[in-house]
Structure formats: C-alpha cells, structure tokens
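Trainee: Please give me a close look at just one part of this structure, the salt bridges. I'd like to follow each pair from its side chains out to its surroundings.

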Amino acid sequence: MINRLRRYIPVLDWGRTYDRRAFSNDMIAAVIVTIMLIPQSLAYALLAGLPPEAGIYASIAPIILYAIFGTSRALAVGPVAVVSLLTASAIGQIAEQGTAGYAVAALTLAFLSGGFLVLMGVFRLGFLANFLSHPVIAGFITASGLLIATSQLKHILGVTAQGHTLPEMVFSIVRHLSETNWITLVIGVTSTGFLFWVRKNLRPTLKTLGTPALLADILTKAGPVAAVVATTVAVWLFGLADGGVKIVGEVPQSLPPLTMPGLSPDLISALLMPAILISIIGFVESVSVAQTLAAKKRQRINPDQELIGLGAANLGAAFTGGYPVTGGFARSVVNFDAGAETPAAGAYTAIGLAIAAVALTPLVYYLPNATLAATIIVAVLSLVDLSILRKTWGYSRADFSAVAATIVLTLGLGVEVGVAAGVALSVMLHLYKTSRPHVAEVGLVPGSQHFRNIHRHEVETDPSLVTLRVDESLYFVNARFLEDLVQKRVTDGCDVRNVVLMCSAVNAVDYSALESLEAINQRLKDMDIGLHLSEVKGPVMDRLKRSHFIEEMNGRVFLSQYDAWRALAPCPSSKLSE
C-alpha cells in the first residue's frame with residue numbers, strides 16, 4: 001500500500017530523503033524563479049485577456065499541487081505563453097474580455113483541462129501525445145510565438161486593435177497607427193530593447209566585471225523586475241497615465257480566492273475541444289522539458305504520473321481564480337540551473353508569490369501595459385525557430401510539408417485551427433509513412449551469414465528464392481501494400497519457387513494483416529510457390545499460433561534467415577547483384 005501511495009503521490013518518495021542541503025538549494029532556486037515569475041505571471045494574464053491577478057493566482061495552488069503529484073524535480077508549472085494564447089482564443093469566442101463570464105469560462109477551461117489530464121493519467125494514456133510529431137509541435141510553437149508577439153504590438157503602440165489571425169492583427173494595427181501614443185511607444189520600445197540587452201549581454205558583462213556567477217544569474221533574471229520598477233516609477237512620478245499611457249490599475253491585495261468553474265452544459269460543450277487541445281499541447285511541452293532536465297541528472301520521470309500532476313495543477317487553478325497552466329520551458333531551465341533539487345522548490349516559489357499577492361500588488365498600480373507587452377515579446381521570440389523549415393526541407397519533404405502547413409494555418413486561420421491541423425497532420429503523416437513500409441529484397445553477403453538489400457550491396461542471390469525483409473509492423477493500414485508487393489514480385493516472369501518474409505523488424509501483426517498473410521499464402525499455393533517466414537519474434541509467433549495460419553502455411557518457419565537460405569537456395573547465383 002505504501003509503495004502504491006508513493007507511486008501516485010511522489011512527494012512521499014522524495015520527501016523521505018529531504019535534507020538541509022536540498023532545502024538550501026531549493027530555496028535559492030525558488031528566490032530566483034519567484035523574481036522571474038512575478039512580471040511573467042502578470043504579463044501572461046494580460047495575454048490571456050484576464051485581470052493581472054489571475055496570473056499570480058494561477059502560479060500558487062497549481063505549483064503546490066504539482067509538487068505533490070508531479071515526478072519532475074525541476075519542472076516549474078504556471079502560466080505559459082502558448083497556453084495563454086490558446087486560452088484567449090478559446091474564451092474570446094464565447095465571452096467578452098473584462099466580463100464575469102470571461103473569467104468563469106477561464107476557470108471552466110482549466111477545470112476541463114485538468115479533468116482530461118487526470119483521466120489520461122489514470123488510464124495511462126500518455127502515449128497518445130506521441131502522435132503529435134516534434135516537427136509539427138515546433139511549427140505550431142513558432143507560429144504561436146509570432147502571433148503572440150504581433151498581438152502585443154498594440155500595447156507597445158498604445159492603440160486599440162483586434163484580431164485572432166496574423167492578417168487580422170496586422171491590418172487592424174496598420175489601420176490604427178495614427179492613434180499611436182508616443183509616450184507609450186517610448187516606454188514599450190525602451191523596455192523591449194532593455195530586456196533584449198539583459199537577456200543577451202548582462203550576464204557576460206557582469207562576469208567580466210568579476211561578479212560571482214550566482215549573483216550574475218540572479219541579476220539577469222531580475223531584468224524584467226528592473227524594467228517593471230523603472231517604468232512604474234516613471235509613470236507615477238511624471239503622471240504619464242494622464243497622458244494616455246494605459247496602466248494595470250488596481251490589483252486585489254489578497255491570497256487566491258476560492259472559485260467555482262461554470263458547469264452549464266452549453267459552456268462545457270463549447271470549451272471541451274479547446275480544453276483537450278490545450279491539454280495535449282501543454283503536456284507535450286511540459287513532458288519534453290521534464291525529460292530533458294531529468295536526463296541531465298540521470299533521473300527519470302513517469303509520463304503517466306506527469307499527466308496526473310499537471311491535471312491536479314489545472315484543477316487547482318480552476319478553484320483558485322486561475323486559468324490553464326503547464327510546465328514552462330524558460331522558468332524550468334532557470335529552476336534547474338539555479339540548483340533546484342526537488343519539487344519543493346516549486347512550493348517555496350508558490351509561497352513567495354503568495355507573499356507578493358498580499359504585500360506587493362499595490363505597487364503595480366502604475367505599471368504600464370507596454371512593459372508587460374515587452375516582457376511577453378522578449379519571452380516568446382525565443383520560441384520562434386524558423387530554421388525548422390530548412391532542417392525538415394533537407395531531411396524529409398513530408399515533415400517539411402507538415403511543418404509548413406501547421407505554420408501557415410496557425411498564422412492564417414488562428415491557433416485552434418493550427419493545433420487541430422497539427423494533430424491531424426501528425427496522425428496522417430504517421431499513417432502515410434506506415435502505410436508504405438520499407439520492404440527490401442535481400443541476399444547473402446558473401447563469406448558471412450548476413451543479409452542485405454540487393455540494390456545497395458554486393459550479395460549472393462538465387463533465382464528461385466525471393467527474400468523480402470519487412471521493416472515495419474504489419475497492421476490494417478499497410479497489410480494490402482504487402483499483398484500487392486509480393487504479388488508483383490512473383491509475377492514478373494521469373495522462376496520463383498519460394499518466398500521468404502524476413503520478419504526481424506516486425507513487432508506486431510494485427511488481424512487485418514493476418515488475413516493478408518493468409519491471402520498471400522493461398523495465392524502462392526495456387527502458383528505452386530512456397531511461403532516461408534524467418535526470424536519471427538516470440539510475441540508475434542505466439543499470436544500467429546493462436547490462429548490456423550501456421551498450420552495452413554505453404555512452407556516453414558525458420559529461426560534465422562541463414563537457415564532459410566541453406567534450406568531453400570541450393571544453387572545460389574555466382575553472379576553478384578548490386
């Protein structure tokens with residue numbers, strides 16, 4: 001019972017060995033991440049179309065719940081740019097920003113996303129995320145980064161602009177350019193330039209000046225805080241709000257409230273599909289970061305338990321005034337680099353954010369929206385990776401097509417269409433590739449017991465024997481392809497007497513493929529040609545023995561392909577094929 005509890009509540013596992021050294025490292029990491037997270041949380045709430053306090057609230061209870069149920073020692077959970085954009089896109093279609101209905105819809109979206117993730121974790125369905133290919137994910141995140149950066153230009157310019165797609169946003173911004181508030185523009189451009197400089201040059205500069213590495217890291221991560229403080233003081237000191245500079249305004253000075261998501265059937269039906277898409281995207285992004293960081297310390301994570309941890313975090317957000325969350329790449333890397341030893345670092349971060357929610361929120365009253373927009377732009381442009389187009393073009397045109405289509409559809413039709421297209425393209429790409437598996441005709445490498453492709457290597461062959469190496473599991477999508485290939489090979493006017501299917505790469509044979517094998521066997525029997533199998537894996541053979549195929553097969557099953565060659569090719573050709 002204790003072991004099962006440790007499996008589903010990992011804190012019971014790592015908590016047993018928690019010591020003073022781990023506490024010290026976790027506290028240092030928590031301080032650095034908290035400094036980074038305060039302006040980020042406010043900014044991402046703005047991106048999601050929610051009040052700024054929603055970003056803080058979404059970074060408290062969710063982090064604590066993930067620390068209890070998650071398995072990554074370094075993953076930092078909270079609002080992230082892509083999920084914030086997806087939230088705004090989903091909710092913007094059913095409620096108006098600034099209304100109570102919009103906030104309730106955000107809670108409901110977090111609730112549905114959390115419930116979906118927990119169910120996937122309980123039923124161990126984490127493998128489903130593998131159907132979303134990495135190139136498609138990279139394309140979607142790149143397009144989302146461009147959309148997010150473009151959406152924040154209105155705050156940099158101080159204009160009112162609308163739109164959910166790139167053409168709509170650009171057209172709206174251009175149409176309102178004459179309304180640009182020049183003071184806001186100065187604040188926005190200055191903040192953006194400063195934050196880019198901090199990200200690229202501050203740490204090297206500090207190290208050149210002899211600053212200790214830890215202090216240099218803390219000061220670099222505090223760059224957004226410096227921009228927030230400087231611009232807030234400037235707006236307050238010079239009364240810039242009276243000159244049209246839009247500010248955050250009053251932020252409630254309290255801990256996260258107890259909230260209830262909306263449970264009306266109409267609202268749930270409208271948000272169910274967006275919640276599923278947000279869950280999948282969030283999980284893929286989160287587990288990729290978690291696995292990368294875990295590998296650096298020779299640790300491992302449990303993807304199914306990660307689903308439960310992220311689900312619990314989202315359920316926590318739903319009942320504490322937040323919105324959908326996931327593991328963020330930037331803050332997780334910062335958490336890792338700062339020396340976080342356990343998920344307790346996240347809990348300490350949550351405590352720091354709770355203190356900020358109670359004590360520091362009055363200080364952001366004069367914080368200009370342009371500064372938050374600059375924070376978002378600098379953060380998301382690091383996600384943009386257009387080189388994925390060049391890389392996939394050179395490696396696989398099919399992958400390039402999927403990436404390009406995902407980027408174009410996301411930019412042109414919006415994030416929901418883009419992510420749905422990404423999922424569909426990933427599945428279609430997988431089905432296309434496996435529907436036409438690589439099947440090589442092989443021959444014996446002289447002086448060895450190895451068999452290689454007759455079109456790539458100099459090998460011995462026998463005119464009466466055809467050996468086909470099937471390099472894919474056989475299932476309903478590719479079963480007919482194998483039928484047609486075998487039929488074409490044995491009807492080319494040659495004197496074939498035996499066909500061997502070399503199954504060393506076949507991990508499974510489903511019922512549709514079994515029927516195709518039976519059809520191949522019958523056709524070859526009618527042609528007085530033997531059908532044989534070689535190097536069949538144990539689980540595949542176990543499954544075949546449950547049917548009548550082995551008994552009715554017009555040939556034998558060989559342990560190795562060399563055994564089949566010795567038995568069926570008594571007169572190999574002396575001519576070498578290329």
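**Salt bridges up close**

Mentor: Let's start with Glu483, which is buried, with a relative accessible area of 5% (buried means under 20%, exposed over 50% and partly exposed in between, with a 1.4 Å probe and protein chains only). Before going on, please keep in mind that this is a predicted model, in which local features need pLDDT of at least 70 and side-chain atom pairs count only at pLDDT 80 or more, while totals for chains, interfaces and linings use all residues. Residues are numbered from 1 along each chain as its sequence is written, and side-chain values use heavy atoms, with hydrogens and water left out.

Back to our glutamate: Glu483 forms a salt bridge with Arg523, at 3.2 Å from N to O (the term asks for a side-chain nitrogen of Lys or Arg within 4 Å of a carboxyl oxygen of Asp or Glu). This pair joins distant parts of the chain, with Glu483 in helix α22 (residues 479–490) and Arg523 in helix α23 (residues 511–526), 40 residues apart. Here a helix is a DSSP run of H or I with at least four residues, numbered from the N terminus. Unlike buried Glu483, Arg523 is partly exposed, at 35% relative accessibility. There is a third partner to look for as well, since a network of salt bridges links Arg480, Glu483 and Arg523.

Now move to another pair. Lys433 and Asp399 make a salt bridge whose closest N and O atoms are 3.3 Å apart. Distant parts of the chain are linked again: Asp399 sits in helix α20 (residues 397–413) and Lys433 in helix α21 (residues 415–435), 34 residues apart. Asp399 counts as buried at 13% relative accessibility, whereas Lys433 is partly exposed at 41%.

A third pair lies within one helix. Asp563 and Arg566 are three residues apart in helix α26 (residues 561–568), so about one helical turn separates them. Their side chains form a salt bridge, with 3.5 Å between the closest N and O atoms. Asp563 is partly exposed at 27% relative accessibility, and Arg566 is exposed at 57%.

If you would like to keep exploring, the structure holds eight salt bridges, including the ones between Glu483 and Arg523, Lys433 and Asp399, and Asp563 and Arg566.

Note on methods. Helices (H or I, at least four residues) and strands (E, at least two) are DSSP runs, numbered from the N terminus.
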